[in-house]
Amino acid sequence: MDKDRLRHAQPEALRMVRNSYERGRLSHAYIFEGDAGTMKLDAALFFAALLLCEAEEERPCGRCSACRRIEHQTHPNVLHIRSEKQQVKKESVQRLQDDFSKTALESGQKIYIIENADFMTPHAANALLKFLEEPHPDIHGILLAEDAASLLPTIRSRAQIVPFHPLPRATIETTLLEEGYEAFHARLASELKSTPEEARSLLSDERIPDMADLVETVYRALLEDDSPLLAFEARTRDLGRDRDALDTLLALFILYQKDLIYDKIENRNQIVYAEHIDTLERLAETFTLEGLIEVLERMLTLQARQRNYVNFRLAFDNILLLMERRYRHESD
Amino acid sequence: MQKYRVIFHVDLNAFFASCEEARDPSLRGRPLGIGPSSERGILTTANYEARKYGVNSAMPVSEAKRLCPELKIVPVDFALYNEYSETFFDYLSQYTEQLEPASIDEAYLDMTDDLEDQHPKTLAKRMQDELWSRHRLPVSVGIGPNPFLAKMASDLKKPFGITILRKRDVQEKLWPLPIDRLHGIGSKTVPNLRLIGIDTIGDLATFPEVEKLRKFLGNQTEPFMNKARGEDDRRIDPARKDRHQSIGKSKTYEGFLHEHDEMLEALKSLTRRVSERLKEHELAARTLTVQLRTSDYENRSRSVTLEQHTNHFYELFEEVERLFEELHGTEAVHLLGVSTSKLTSQSGLVRQLDIFEASAEEKDEGTLERVLKSINRHYGKDVLKRGVNDE
Amino acid sequence: MRIQVNKDRLLYHLLIAQKALSTKTPNPALQGIRLDVGDNELVITTSNSDISIRVTLEDDALEIEKTGSILVPGKYFIDIVRKLDGQVVSMTEGEDNLLRIEADRSDITLNLLDLEDYPNLQFKETDSPLEINARTLKSIIRQTAFATSSLENRPILTGVNVAIDGEDLKAIATDSYRLSQKRISLPESYDPTDVIIPGRSLEELIKILESNQESVEVHIDQNRVLFKDNNVLFLSRLLEGNYPETDKLIPQEFPIQIKFNKEQLMTAVERAGLLSSRDGQNSIVKLDVRQDNVVEISSNSPEIGRVREEIHPVDEIVGSPLKIAFSSKYLLEALRVFNSSEVTVKFTGEIRPFIITGEFDEGMLQLILPVKTD
């Protein structure tokens with residue numbers, strides 16, 4: 001559990017949880033609602049540590065035996081129900097009931113965490129409901145869900161909903177950097193994706209470095225009086241009609257196009273392709289700001305409506321042709 | 001001299017489809033399939049009109065639609081079929097005690113002592129006509145000196161067939177048939193038999209090397225050879241009459257049910273009917289199924305195996321309610337059904353008493369039932385009956 | 001940590017501790033055996049969270065060079081020790097969380113688990129433990145725990161209710177179809193206590209208790225029960241909640257009483273039960289008290305046939321004729337825990353619970369609910 005990162009990413013959620021703890025008004029159940037990768041599980045473990053930490057002050061301390069075992073997910077008072085195949089079954093909830101029917105192995109409060117609670121089978125949900133109907137003062141549940149609305153209304157009404165917001169870009173970038181990703185890739189992925197999971201998954205695509213390189217090549221073709229369209233075609237033949245790859249590629253083009261604009265308006269600390277600053281500067285000089293914005297708009301339109309395009313590739317080609325004309329200051 | 005037996009095999013033709021046509025006559029005369037509406041699903045069965053196009057049971061819906069574009073497909077409704085099945089057996093049981101249900105849609109009747117001087121064919125015709133005119137159920141009847149020949153006979157002409165197969169007809173009518181038509185031969189055995197030159201039932205009847213045959217048919221060698229020769233000394237087992245396959249009740253709601261409470265009330269009434277019927281037949285059930293069809297004509301059903309056999313309304317309804325909660329979301333409902341199976345006769349029925357419930361139970365249904373029972377015992381049958389809210 | 005220990009002694013104690021070793025658990029730390037080496041003892045700890053065992057070894061079998069604590073992967077460790085040659089095992093905690101095990105010509109290195117993840121087990125003794133001799137304790141467990149429920153839908157019934165009041169100790173178990181109760185008088189008086197101990201815990205406990213007259217200390221507090229048998233500590237969690245009141249469910253007056261030879265009754269019921277077993281359910285037998293002072297045990301199966309056994313009770317039957325049906329399993333299991341060779345079966349009615357007592361089983365009663373045949 002990276003407390004700093006969590007604090008930075010979900011300040012409001014933590015404040016809600018901490019307030020209810022400090023005022024002694026803990027709810028029997030919470031629903032942590034938010035997208036995958038919004039650190040809901042980390043927050044649930046934070047909550048458990050807040051309750052079980054052995055330190056007197058600055059709880060959770062993160063150093064005591066309880067905190068460390070919660071972090072390792074080996075604390076006997078913290079029961080963690082993971083979902084199998086995107087389902088939470090009745091047996092899992094029964095395991096909880098079985099455990100809670102007995103006295104605690106270690107003293108202190110008990111916390112149960114149900115992952116993907118919005119994927120509980122009706123059986124499981126009903127079993128849980130029975131359980132929530134007879135709350136125990138020392139037992140607190142945290143249901144992690146992407147969409148609280150898909151939980152039974154009777155469960156929702158017995159729980160406090162804590163919203164989790166998408167992570168700030170910088171948090172994702174820092175996470176990736178800490179995990180050892182290259183600065184350029186960390187920046188790139190954090191620009192394109194809204195959670196560390198998605199960002200990691202993007203970077204696990206081996207073609208990403210090639211694609212980033214391709215974008216640069218296509219733009220540089222302009223400087224070398226070559227056709228960007230031909231450069232593009234030559235390098236993307238093997239992508240064929242791989243829609244996901246083309247989507248990613250378009251996103252990379254958009255970043256580059258934005259970089260050109262940032263350079264043009266001298267907002268250079270926003271630039272993603274910082275390694276290519278020379279090329280960027282030479283290109284930006286040639287374009288007019290209007291031309292750059294026009295191309296960007298076309299790109300964004302394509303991105304927004306990509307699913308409507310039967311021939312995505314053709315639309316892509318048209319943008320490259322427009323780019324070439326604007327570079328040469330030709331009119332339509 | 002031993003008297004010849006007269007065995008009837010009465011077979012409901014295209015049973016599921018016939019039930020649907022009986023319920024909704026507008027379906028009749030047109031190709032009809034029973035199965036899911038999704039293109040990827042598999043047809044359960046088809047009526048004879050559809051079979052003319054080559055549509056068959058176990059065929060993917062998409063293929064059936066290709067063969068017969070105007071094919072109408074209706075969803076499976078087991079509760080309906082159970083009801084018609086009961087009607088069928090009830091009707092037949094007026095002719096003889098010696099009735100053995102072979103499955104949901106066929107029965108053997110030993111008519112030897114119950115012909116009352118009628119020609120078997122005349123009687124068979126009456127059964128066929130009445131089942132059709134009263135209940136719109138088409139049947140084929142096979143008549144023979146034993147169950148096997150009766151069964152083979154009913155298979156020879158469908159639908160609306162009446163066929164007599166005597167011992168002396170065996171060579172002429174049975175032997176030319178391909179071996180896979182022999183009732184009881186497994187589809188995996190057939191290629192093996194063909195391998196040793198047995199293509200027809202006659203080939204089997206006259207096969208000289210019995211030991212060779214034993215390799216494929218094992219201890220069934222003699223029984224099968226006897227059957228191929230038209231011999232079968234199996235008795236009709238009326239005890240099986242009591243082993244109903246299932247008892248159920250369903251109802252469609254044309255204006256749809258919208259309220260959860262309405263649905264529960266409807267289920268309560270269905271369950272009460274099922275409980276009553278089980279008791280009428282002195283049966284208790286171990287498996288309970290709840291079926292529903294949503295207003296979008298999506299069929300759902302769910303079953304549960306009970307801890308012990310029961311026919312008590314309260315015990316059944318408790319499970320019905322639970323199954324229904326699992327099946328139902330928020331949608332409106334077009335059909336509800338409750339059916340029970342794995343039935344056993346009530347005389348073998350035991351209920352383990354529970355120390356914590358023993359006192360509670362005596363208060364509710366138990367007492368009422370006991371009072372009803374004892375009064376009825378006093379005054380003969382059925383003086384008092386539980387008032388049933390029949391829909 | 002560095003010690004040398006007699007291999008057989010080590011293995012003997014490991015096998016006791018193994019009873020509480022988890023095989024499947026979401027917490028990998030519980031698959032480990034905790035070894036704590038003190039100045040003159042080796043303490044072995046295991047836990048599957050429901051029960052925990054702590055065994056202390058402190059005799060000449062031990063040579064301690066360096067104290068310390070480690071968590072070894074349980075199953076592997078026991079397998080290795082079992083297969084080692086030689087008399088003495090030497091264990092040395094090495095760098096990088098490794099354990100080196102040497103014996104005879106074997107030299108094995110084992111990766112250790114993270115001790116930090118091990119639960120903080122409360123083997124705390126109370127000030128005034130109950131003292132009870134091992135044989136009595138075992139027989140109380142044997143005579144009650146079998147009647148606990150194996151279903152989890154009423155968790156409380158999976159336990160044995162132990163209530164102490166002054167010098168009176170009462171243990172009760174029921175799965176709601178039968179009930180078993182044992183009362184004993186304690187040599188001393190104790191403060192009132194009422195707990196529910198999981199039946200499964202007790203069944204593990206009797207596996208490791210010696211059957212002798214030595215006394216076992218029972219330390220009970222609100223959250224756990226700790227049994228102390230010399231160098232072995234056995235800790236169990238308790239079931240939460242209030243045990244149902246059962247006294248008023250046990251009939252007090254019995255118009256019909258029959259004394260049987262236990263073996264004869266068991267044999268008759270066993271034979272009848274064989275035939276009537278119904279698709280995996282308990283077999284139902286009928287007991288018919290005839291006018292002629294003969295008891296008939298019978299069962300009927302439409303498919304197989306009918307069995308009828310006649311038994312002559314040991315004494316004159318008290319009361320009127322009666323027919324009652326019940327699950328043979330419940331009667332047989334109840335009869336099996338009697339020490340008496342003659343038992344008295346006491347009835348109140350055809351659909352009322354009946355009880356069994358025995359002359360040499362003071363303080364014990366077994367109660368069975370009949371089945372209702374419609």
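## A loop in chain B with an unusual backbone

In this predicted model, B:Ala14 sits in the loop that runs between strand S1 (7-12) and helix H1 (15-23) of chain B. What is odd about the backbone of B:Ala14? Its phi is positive, about 40°, although B:Ala14 is not a glycine. Is B:Ala14 buried or exposed? With 23 other C-beta atoms within 10 Å, B:Ala14 is buried, because 20 or more is what that label takes.

For the wider setting, chain B has 15 helices and 13 strands. Of its 391 residues, 36% are buried. If you look at contacts in chain B between residues at least 6 apart in sequence, 62% of them join residues at least 24 apart.

## Around the end of H6 in chain B

Next, have a look at the loop between helix H6 (147-156) and strand S8 (162-164) of chain B, which is where you'll find B:Pro159. The peptide bond leading into that proline, from B:Lys158, is cis, with omega near -10°. B:Phe160 belongs to the loop between H6 and S8 too. Phi of B:Phe160 is positive, near 60°, and this residue is not a glycine either. B:Phe160 has 14 C-beta neighbours inside 10 Å, so it counts as partly exposed.

B:Asp155 lies in helix H6 of chain B. It has 18 C-beta neighbours inside 10 Å and so counts as partly exposed; the buried label would need 20 or more. How far is the C-alpha atom of B:Asp155 from that of B:His183? The two are separated by 9.5 Å, with their positions 28 residues apart along the chain.

## Chain A: a cis proline and a helix crossing

Chain A has a cis peptide bond as well, from A:Arg59 to A:Pro60, with omega near -10°. Here the proline is in the loop between helix H3 (40-52) and helix H4 (65-72) of chain A.

Further along chain A, helix H13 (residues 243-264) and helix H14 (residues 277-286) have axes that come within 9 Å and cross at roughly 75°. H13(A) is therefore roughly perpendicular to H14(A), because angles of 65 to 115 degrees earn that description. Which residues make the contact? From H13(A) come A:Asp259, A:Leu260, A:Asp263 and A:Lys264, and they meet A:Leu280, A:Glu281, A:Leu283 and A:Ala284 of H14(A). By class, this contact of H13(A) with H14(A) has 4 nonpolar and 4 charged residues, and no polar ones.

## Chain C: an open sheet with a helix on it

Over in chain C, 5 strands make an open antiparallel sheet, ordered S5-S1-S7-S8-S9. Its edges are strand S5 (62-66) and strand S9 (106-111) of chain C, each of which pairs on one side only. On average, and ignoring direction, neighbouring strands of this sheet are turned by 15° against each other.

Within the sheet, strand S1 (residues 2-6) and strand S7 (residues 88-94) of chain C pair in the antiparallel sense over 5 bridges. C:Val5, for example, has C:Val89 in S7(C) as its bridge partner. Helix H1 (residues 7-17) of chain C packs on the sheet and touches S1, S7 and strand S8 (98-103) of chain C. The direction of that helix makes about 90° with that of S1(C).

## Chain C: the covered strand S15

How many residues of strand S15 (residues 232-237) of chain C are buried? The strand is mostly covered, with 6 of its 6 residues buried. In a regular strand the side chains alternate between the two faces of the sheet. In S15(C), C:Val232, C:Phe234 and C:Ser236 point one way, while C:Leu233, C:Leu235 and C:Arg237 point the other way.

S15(C) has antiparallel pairings with two strands you can trace. With strand S4 (residues 51-57) of chain C it pairs over 5 bridges, and there C:Ile53 stands opposite C:Phe234. With strand S14 (residues 224-229) of chain C it pairs over 6 bridges, including one that joins C:Asp229 to C:Val232. S14(C) and S15(C) form a hairpin with 2 residues between them. In that turn, C:Asn230 has a positive phi of about 50°.

## Where chain C meets chain A

The contact between these chains takes 17 residues from chain C and 14 residues from chain A. On the chain C side, the residues that touch chain A comprise 6 nonpolar, 4 polar and 7 charged ones.

Definitions and conventions
Residues are numbered from 1 along each chain as its sequence is written. Chains are lettered from A and ligands numbered from 1 in the order in which they are written. This is a predicted model: local features need pLDDT of at least 70, side-chain atom pairs count only at pLDDT 80 or more; totals for chains, interfaces and linings use all residues. Helices (H or I, at least four residues) and strands (E, at least two) are DSSP runs, numbered from the N terminus. A residue is buried if 20 or more other C-beta atoms lie within 10 Å of its own, exposed if 12 or fewer, and partly exposed in between; C-beta atoms are placed from the backbone. Two residues are in contact if their C-beta atoms, placed from the backbone, lie within 7 Å. Two strands pair if DSSP finds at least two bridges between them. Axes are lines fitted to C-alpha atoms, for helices over the stretch in contact, and angles run from 0 to 180 degrees between N-to-C directions. Ala, Val, Leu, Ile, Met, Phe, Trp, Tyr, Cys and Pro count as nonpolar, Asp, Glu, Lys and Arg as charged, and the others, Gly among them, as polar. Angles under 35 degrees count as roughly parallel, over 145 as roughly antiparallel, 65 to 115 as roughly perpendicular and the rest as oblique.
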